[in-house]
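Colleague: I would like to go through the labels on this model. Please tell me what stands behind each one.

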Amino acid sequence: MKVTFKVDNLNEMTAELAAFAELLRGQTVRDEDVFASRLVSCELITNVIRHGGEGAEFIAELFSDRILIKVLAKSLDGINIRTEVPDVFAESGRGLYIIRCFGEIESLESGGLSVCIKRHL
């Protein structure tokens with residue numbers, strides 16, 4: 001299963017992520033994996049909208065053993081995004097800390113981040 005959408009603001013994001021969570025539940029994804037997927041997606045999209053000043057493109061793929069989430073934005077094209085996790089008490093970067101609790105973060109050449117969440121089977 002593959003899900004894609006574009007959002008320009010946080011209200012659109014909330015509605016799209018609710019639909020994404022329902023799709024995952026319909027595929028019998030466990031509640032903890034639905035929660036992790038939605039939280040990671042929310043952190044990534046919110047950062048693009050707040051710090052990039054533009055909309056975000058969301059792509060998620062469901063595999064038998066993982067959920068792959070990508071968030072892309074034109075403003076991030078060609079930028080190597082810092083994926084090192086900061087200290088939990090740092091003034092910035094806490095979103096990356098939260099995301100790292102659920103999966104591996106990778107900077108994409110196409111301008112964005114991907115996170116791979118291992119599913120509980």
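Colleague: What makes residues of helix 2 count as buried?

Modeller: Buried means under 20% relative accessible area, exposed over 50%, partly exposed in between (1.4 Å probe, protein chains only). In helix 2, Asp 33, Val 34, Leu 44 and Ile 49 are among the buried residues. This is a predicted model: local features need pLDDT of at least 70, side-chain atom pairs pLDDT 80 or more, while totals for chains, interfaces and linings use all residues. Residues are numbered from 1 along each chain as its sequence is written, and side-chain values use heavy atoms, without hydrogens and water.

Colleague: What do the buried residues of helix 2 pack against?

Modeller: Their partners include helix 1 (10-26), strand 3 (66-72) and strand 5 (112-118). Helices (H or I, at least four residues) and strands (E, at least two) are DSSP runs, numbered from the N terminus.

Colleague: How do you know that the length of helix 2 agrees with its 22 residues?

Modeller: The expected span is 1.5 Å times one less than the number of residues. For residues 31-52 that gives 32 Å; the end C-alpha atoms are 31 Å apart, so the two agree.

Colleague: Why is Asp 33 said to have no salt bridge?

Modeller: A salt bridge needs a side-chain nitrogen of Lys or Arg within 4 Å of a carboxyl oxygen of Asp or Glu. The nearest side chain of opposite charge, Arg 119, is 4.6 Å from Asp 33, so the label does not apply. Lys and Arg count as positive, Asp and Glu as negative; His and the chain ends are not counted.

Colleague: What makes strand 5 mostly covered?

Modeller: Five of its seven residues are buried.

Key:
Contact means heavy atoms within 4.5 Å.
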